[in-house]
Amino acid sequence: MVTPIHTDGPAALLVQAEQYAESKSRKSTRMAVGLAMMAGLFIGLAFVFYLTVTTGSNAGWGLTRLMGGLAFSMGLILVVLGGAELFTSTVLSMLARANGKISTRSLLYTWARVYVGNLCGALLLVLIVMAAGLYQLDDGQWGLNALHVAQHKLHHSWLQAFSLGVLCNLLVCLAIWMTFTSQNPLTKAVMVILPVAMFVSTGFEHSVANMFMVPLGMSIATFAPDSFWQAVGSSPAAFNDVNLIQFISANLIPVTLGNIVGGAGLVGMGYWLIINPEREHKTAHISALTLPSAPYSERPIMTQETLTIKNNMQSAQCALKAQQFVADALEQLNRTKLQGAPVVDSQNQLVGFFSVQDVLVDLWWNDYQPDMDAKVEDLMRTEVQTVEADQSVIELAQYMSIDNQVLYPVSDAGIATRFTTQSALERAKTQTLSRPYIYPVMKDERLVGVITRADVIRALAPLYGNAMDILPADAKEGLVTA
């Protein structure tokens with residue numbers, strides 16, 4: 001099984017989280033607000049599910065709330081798998097600010113547009129739910145349950161509401177953090193269930209959920225007909241405290257601030273400060289790839305000496321300097337006909353990798369008006385996958401072209417994670433890989449060259465021609481004799 005070393009452990013999760021955080025600010029406003037509205041809608045639907053499950057339940061306080069929490073987890077599952085933008089997870093974009101990828105203004109704008117989008121989506125669902133008359137379910141008990149939940153949320157002290165918001169988003173962001181460990185949708189869905197079930201069943205406060213729940217209570221108290229109040233044996237006067245001013249001052253403001261502290265502070269910056277204290281020094285995270293050893297029957301008739309990476313790599317002369325201007329680096333890449341190159345510091349130590357992809361992203365972000373003083377170290381990536389000079393080209397080729405999780409969809413315990421009728425060849429052809437095309441080559445912890453996908457193909461090209469040309473003389477004689 002091919003596994004880059006850096007995909008394991010807290011440091012790897014931080015890398016995933018940083019990429020996740022940076023992606024939040026790169027979406028257009030139209031897309032971000034639209035996806036945020038979807039998230040507000042999804043979380044509102046989860047509360048509809050919660051109310052349906054808990055209304056009329058006689059299972060006892062704890063079990064009833066557990067059932068409601070499990071039902072509510074549907075909301076975050078929809079957000080994660082549907083790619084929606086939820087404010088409580090968007091606060092993790094604080095990592096992008098900590099890394100200097102975005103400005104404080106951009107950070108606040110990213111938060112604000114998602115927050116507004118969530119609010120619009122939640123209010124849209126309130127309108128639909130009221131039009132559908134769901135509050136009349138179970139002879140009005142569904143609506144009465146909604147009123148009591150909304151009323152309860154408005155009677156916390158300010159400190160209590162803030163603290164419940166901290167605890168809530170601590171769990172939500174930990175749930176999101178755990179999804180970085182897997183690319184499997186089913187696994188991601190399962191991972192978020194228990195953290196969400198805990199925060200809901202224990203009564204922690206989620207700002208976006210409240211954007212739906214409290215306005216729903218306000219709407220029922222204002223627009224429900226007399227027949228509803230007669231059925232439930234109550235009156236609108238009993239819920240006069242469920243109003244806009246109380247909602248904003250006693251709930252939405254402290255809960256939102258608590259959500260920011262719990263997600264951006266405890267989870268995001270907590271991990272960042274623990275794992276990555278030296279980021280300002282641009283220290284590269286060099287990850288040597290552990291390549292698989294193919295069974296003997298899968299090996300072509302070639303010598304291991306011929307097919308080592310050191311015999312097929314390009315020299316390290318293509319390496320860029322960290323202090324080099326981006327314009328000069330692009331000219332050097334053009335001369336060497338490469339799409340990217342390793343970056344070294346003044347002591348020729350590998351510190352990063354610079355590619356044309358980084359340039360294209362930077363150009364897009366700056367509206368195609370680049371900073372002419374930008375240097376390679378400003379755009380380069382400090383997470384670098386490397387290979388060793390003595391490793392096999394065949395094993396590298398397999399890593400570059402095959403994802404074993406797609407080809408053999410089973411967990412480490414041998415449990416199938418996905419069922420399909422496709423053959424292994426069909427799965428291999430239709431897989432989507434995100435693997436580098438260029439790898440720095442190391443020997444004794446020194447950069448000695450690079451090897452590209454084109455170099456790998458060039459090394460394996462004789463398989464389509466006369467393989468005898470790359471065999472030693474004694475091996476040729478053995479074949480002829482046989």
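The points below go through a predicted model, taking the nonpolar cores, a small set of strands and one helix in turn.

1. The largest nonpolar core holds 80 residues, and among these Phe72 and Leu216 are the two that touch the most other members. If neighbours within four places in sequence are left aside, Phe72 is in contact with Ile43, Ala46, Phe47 and Tyr50, and also with Val196, Phe199, Val200 and Ala209.

2. There is also a second, separate core, which has 25 residues and includes Ala341, Met380, Met442 and Val450. Ala341 is worth keeping in mind, since this residue returns in the discussion of the strands.

3. Three strands form an open sheet in the order β4-β5-β6, and the pairing within this sheet is mixed. Its edges are β4, at residues 320-321, and β6, at residues 350-355, each of which pairs on one side only.

4. Between β5, which covers residues 340-344, and β6 there are five bridges, and the two strands pair in the antiparallel sense. For Ala341, the bridge partner in β6 is Phe354. Helix α13, residues 326-336, packs on the sheet and touches β4, β5 and β6, while the direction of α13 makes about 75° with that of β6.

5. Helix α1 runs over residues 10-26, a stretch of 17 residues, and spans 25 Å from its first C-alpha to its last, which is close to the 24 Å expected at 1.5 Å a residue. The buried residues of α1 include Ala12, Leu13, Leu14, Val15, Ala17 and Ala21, and Glu18, Glu22, Lys24 and Ser25 are buried as well.

Key:
Residues numbered from 1 in each chain as written. Predicted model: local features only at pLDDT ≥ 70, side-chain atom pairs only at ≥ 80, totals over all residues. Heavy atoms only, no water. Core = buried A, V, L, I, M, F, W, Y, C linked by side-chain atoms within 4.5 Å. Buried < 20%, exposed > 50% of the residue type's maximum accessible area, 1.4 Å probe, protein only. Contact = heavy atoms within 4.5 Å. Pairing = 2+ DSSP bridges. Helix = DSSP H or I, 4+ residues; strand = E, 2+ residues; numbered from the N terminus. Axes fitted to C-alpha atoms, helices over the stretch in contact; angles between N-to-C directions. Expected span 1.5 Å × (residues − 1).
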